[in-house]
Amino acid sequence: MNDTKATAMLNLPDAEPKSVFDTVFTTPLDKAARFSFDEQVVACFPDMIRRSVPGYGQVLAMLPIFAQRHCQFGQVNDKGQRVSRIYDLGCSLGGATMALVSEAGGFGVDDLQIKAVDISPAMTQRAQVLLSENYPNHDIEVITADIRALELESCDMVILNLTLQFLPPENRTSVLKTIYNALNDGGILILTEKTHSGDEQDDAWLVERYYDFKRANGYSELEISGKRNALENVLITDTLDQHHQRLAQVGFSRSLTWFQFLIFASMIAFKLDCF
C-alpha cells in the first residue's frame, strides 16, 4: 500500500472533507485542567493526530495487511456467513476500522465483522455517523463502553491503538488478559503506544525530537507545553520492555516491535507462533 493511500486513510477525506484545525491548546488552560476526548477534541481529532503522532498513517496502512495474513474466518455472522471478527478498542473516530474496510484493504463487504469500542460518547457518536455514511453495507458495530468492563467474543484480531496508555497501570494486565482469552489460536493483537526509554539521556533526546516534530507541524511552544501539562497523570507511558513483559505475562507466545518512530511504537503479539 503506498503512502498516498496511507495518508488518505489517516485524514479520512471522504468522511471529513473539512477537518477542523487543532486549536485546543492555543490559549492557556487552568493548571488543573486535564485532557479529555470531549466534543472540542472530536471536532479536530483528525488534524490533531496527524500533527501529533508520527507514523500513525503507516500503522493504519499495515492493519489490513496483517489482517489478510492472520484472519481465519472462524466466526459466523447473523447471516450464517463465515467472517473474521475484529475488535477496534479505543476506536476514536474509527480510523483503524476504516483502514480495514476501505477498498484498499482488500476485504469483501461480508468478510469482516468489526466491533469498534470507545469510552467517549462524543467519539462514538461521530464515529457512528462516519462509518454509517461511508461504509453502510459493512458489518460494523460502534459501542460506547469502558474496555475494562467489556466482555469480548471470540475473535481473530484486536487493535489497541494509543489506548492502553490512558488506563491506570494497574488495569493494563487484566485488559490484555481479556484480549488474550478472546483471541482464537493464531490470532493477533496490534498494540500501539507512546513509550519512554529506560535510559534517561536517550529518553530526553527522543522527547525533544518529538517536540521538534510538533513544532515542524505548526504547534507553538504554548500548545506543546499546554498539552503536555494536560496529559500529566492522564497518559502514563511504559517502556517497550514493560509492554513485552506484560504481553508474555498474560500468555502471548511471542511479541515483537514491528514499527517505531521516536517515542511511538507499535507491537504485534501472537497467540501461538503462527506467522
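Here is a quick tour of a hairpin, a pocket and some aromatic contacts in this predicted model.

## The S7–S8 hairpin

Strands S7 (residues 254-261) and S8 (residues 264-270) run antiparallel and share seven bridges. One of the bridge partnerships puts Thr-257 across from Met-267 in S8. Two residues sit between the strands of this hairpin, and Leu-262 in the turn takes a positive phi of about 55°.

## The largest pocket

The largest pocket holds about 1,100 Å³ of space. Its lining counts 48 residues, with Phe-37, Gln-165, Phe-166, Leu-231 and Leu-235 nearest the centre. Helices H2 (39-52), H7 (200-216) and H8 (221-231) are the elements that each supply two or more of the lining residues, and H7 gives the most, with five. Sorted by class, the lining comes out as 26 nonpolar, twelve polar and ten charged residues.

## Aromatic contacts

There are seven aromatic pairs in the structure. In one of them, Phe-66 and Trp-258 meet edge-to-face, 4.9 Å centre to centre with 85° between the planes. Phe-66 belongs to helix H3 (residues 56-70) and Trp-258 to S7, so this pair ties together parts 192 residues apart in sequence. Phe-66 is buried at 13% relative accessible area, while Trp-258 is partly exposed at 22%.

Tyr-180 and Phe-252 are also edge-to-face, at 5.1 Å and 80°. Here helix H6 (residues 169-182) is linked to the loop between H9 (240-250) and S7, 72 residues apart; both Tyr-180 and Phe-252 are buried. Elsewhere, ring pairs join Tyr-210, Tyr-211, Phe-213, Phe-261 and Phe-264 into a cluster.

## Charges over rings

Arg-209 lies over the face of Trp-205, 5.2 Å from the ring centre. Lys-214 has its charged end over the ring of Tyr-219, 5.1 Å from the centre.

Methods:
Residues numbered from 1 in each chain as written. Predicted model: local features only at pLDDT ≥ 70, side-chain atom pairs only at ≥ 80, totals over all residues. Heavy atoms only, no water. Pairing = 2+ DSSP bridges. Helix = DSSP H or I, 4+ residues; strand = E, 2+ residues; numbered from the N terminus. 1 Å grid on protein atoms, 1.4 Å probe; cavity = no way out; pocket = protein on both sides within 12 Å on 5 of 7 lines; lining within 4 Å. Points joined across faces, edges and corners; volume = space filled by probe spheres on them. Nonpolar A, V, L, I, M, F, W, Y, C, P; charged D, E, K, R; others polar. Phe/Tyr/Trp six-rings, centres within 6.5 Å; stacked < 30°, edge-to-face > 60°. Buried < 20%, exposed > 50% of the residue type's maximum accessible area, 1.4 Å probe, protein only. Lys NZ or Arg CZ within 6 Å of the ring centre and 35° of its normal.
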